[in-house]
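I opened a fresh page for this structure. My notes follow in the order in which I looked things up.

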Amino acid sequence: MTKHSQHTPNDQPLSKVPASTNPNVINRFKRKQKKMDSATNMAATLLQGDTTMLSRAITLIESTQQKHFNLAQELIELCLPKANNSIRIGITGVPGVGKSTFIEALGSLLIKLGKKVAILAIDPSSTISGGSILGDKTRMESLVRSDQAFIRPSPSGKSLGGVAQKTRESIILCEAAGYDVIIIETVGVGQSETAVHSMVDFFLLLKLAGAGDELQGIKRGIIEMADAIIINKADGDNLIRAKHAKNQFNKALHLYPPTNSGWTPKVMTCSALQEQGIQDIWNLILSYVSLTKKNTYFESHRTQQNEFWLVQTIEDQLKNNFYNNPTIKKALQNQTQQLMENKITPFTAANFLLNLHKETLS
């Protein structure tokens with residue numbers, strides 16, 4: 001056996017050792033990776049319209065880890081000067097009304113008009129397992145293939161109105177990445193859609209013809225928030241029913257008080273599947289934006305939204321601090337057990353835990 005045959009990889013000089021086994025190379029790679037993951041570098045890449053970085057950034061702000069939270073807040077602050085240049089549209093309606101089909105038709109039209117469209121689609125989270133299907137990308141096939149569209153499905157979690165907790169921050173990131181129109185698709189009509197209304201410029205309610213409000217679970221408050229009511233699936237044999245429904249809603253809207261925006265909510269029909277009436281709806285949205293910018297409501301409304309989210313963020317943070325307190329976690333289990341054994345009332349347990357939390361802060 002020759003000396004060469006007896007030579008082992010461990011006998012090689014360090015310079016000839018593969019990079020994957022060289023500690024110096026590994027350390028340099030880690031330092032480079034850390035540098036690349038800084039908020040400044042992430043923001044610079046994001047502002048160039050990099051969709052991969054946009055996805056990473058949204059994942060970052062959705063994280064519940066404290067180290068990710070701090071980095072996310074720094075990233076959002078860096079992106080904020082480049083935000084607020086889009087039209088934000090909220091779209092809601094009961095399951096089966098055709099929200100995904102409508103959004104795909106509207107998004108496709110906007111792309112033809114030279115717009116970049118971001119869609120933040122909120123999927124319902126299971127109250128049992130906490131899981132979500134996140135299937136909106138499979139329902140918007142043409143938009144998925146477009147470089148001018150960005151679709152981000154997110155789980156609704158336990159947030160108000162089926163809106164993901166971090167959706168508002170995601171809007172800022174999408175705007176910074178250069179998207180002209182941001183569409184927020186909600187899970188459906190719940191007890192309150194104020195969370196959607198508090199983060200968009202135009203609130204659109206999709207309806208079906210031939211189904212009463214009682215069957216659809218539509219609340220008066222949701223209609224009051226709507227800037228437009230769109231009767232979808234107005235085609236074929238359903239066309240007559242859709243026109244009848246349009247007339248009914250027009251009559252109903254006359255009974256509602258005037259809006260602060262000076263805008264009179266409109267009722268229209270469309271067929272998202274046939275892509276009919278979509279251009280008229282976009283023209284309607286542009287009319288709303290033009291009117292509200294002239295009468296200064298557009299900017300004042302966004303200011304009010306910021307105030308709302310200031311209070312909402314404080315409430316969320318206080319809630320998180322309370323439940324993440326180790327002392328509270330332990331005491332909560334004890335109080336829950338006593339509650340199950342009918343030894344105390346929920347109100348007594350709550351007061352005990354709140355007072356305990358005050359003591360831990362002092």
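Which residues does Ser-108 touch, not counting residues up to four places away in sequence? I found Ser-142 and Leu-143. Contact here means heavy atoms within 4.5 Å.

**Ground rules**

I am working from a predicted model, where local features need pLDDT of at least 70, side-chain atom pairs count only at pLDDT 80 or more, and totals for chains, interfaces and linings use all residues. Residues are numbered from 1 along each chain as its sequence is written, and side-chain values use heavy atoms, with hydrogens and water left out.

**Overall**

I counted 17 helices and 7 strands in the protein chain. Helices (H or I, at least four residues) and strands (E, at least two) are DSSP runs, numbered from the N terminus. Of the 362 residues, 42% count as buried. Buried means under 20% relative accessible area, exposed over 50%, and partly exposed in between, with a 1.4 Å probe and protein chains only. I also looked up contact range. Among contacts with a separation of 6 or more, 73% join residues 24 or more positions apart.

**Ser-108 and Leu-143**

I placed Ser-108 in helix 6 (residues 99-112). Ser-108 counts as buried because its relative accessibility is 17%. A polar atom of its side chain lies 2.7 Å from the backbone oxygen of Glu-104. I then checked Glu-275, which is 167 residues from Ser-108 along the chain. Their C-alpha atoms are separated by 9.6 Å.

Next I followed the contact to Leu-143, which sits in helix 8 (residues 141-144). Leu-143 has 1% relative accessibility, so it counts as buried. Leaving out residues up to four places away, Leu-143 touches Ile-103, Glu-104, Gly-107, Ser-108, Ile-111, Ile-119, Ala-149 and Ile-151. Leu-143 and Ala-105 are 38 residues apart in sequence, and their C-alpha atoms are 9.0 Å apart.

**Cores**

Which residues touch the most other members of the largest nonpolar core? I noted Leu-54, Leu-75, Leu-173, Cys-174 and Ile-229, out of 46 residues. Helix 4 (residues 51-62) gives the largest share of this core, 6 residues. Another core, of 38 residues, lies apart from it, with Leu-143, Ile-230, Trp-263 and Ile-285 among its members. A nonpolar core is a set of buried Ala, Val, Leu, Ile, Met, Phe, Trp, Tyr and Cys residues joined through side-chain atoms within 4.5 Å.

I took Leu-75 as one of the well-connected members of the largest core. Beyond its neighbours within four places in sequence, Leu-75 contacts Ala-39, Met-42, Ala-43, Ala-57, Leu-60 and Leu-173.

**Cysteines**

I found 0 disulfides. A disulfide is a pair of cysteine sulfur atoms within 2.5 Å. Cys-174 is buried at a relative accessible area of 0%. Cys-270 is buried too, at 2%.

**Arg-88**

Is Arg-88 buried or exposed? Arg-88 is buried, because its relative accessible area is 4%. I located Arg-88 in strand 1 (residues 87-92). Its side chain makes a polar contact of 2.8 Å with the side chain of Asn-84. A polar contact is a pair of N or O atoms within 3.5 Å; within protein, one must be able to donate a hydrogen and the other to accept it, and residues adjacent in sequence count only if both atoms are side-chain atoms. Farther along the sequence than four places, the residues that Arg-88 touches include Glu-175, Asp-201, Arg-302 and Gln-305.

**Cavity**

How many cavities of 30 Å³ or more does a search of the whole structure find? I got 1. About 50 Å³ of space lies in the largest cavity. Of its 10 lining residues, Glu-62, Leu-120, Ser-154, Thr-167 and Ser-170 are the closest to its centre. Helix 4, strand 2 (117-123), strand 3 (149-155) and helix 9 (167-176) each supply at least two lining residues.

On a 1 Å grid over the protein atoms alone, a cavity is a set of points where a 1.4 Å probe fits but cannot get out, and lining residues have an atom within 4 Å of a point. Grid points are joined across faces, edges and corners, and a volume is the space filled by probe spheres set on the points.

**His-357**

My last lookup was His-357, in helix 17 (residues 346-361). His-357 is buried, with a relative accessible area of 13%. Outside four places in sequence, His-357 touches Asn-321, Phe-322, Asn-325 and Ile-328.

Methods: 1 Å grid on protein atoms, 1.4 Å probe; cavity = no way out; pocket = protein on both sides within 12 Å on 5 of 7 lines; lining within 4 Å.
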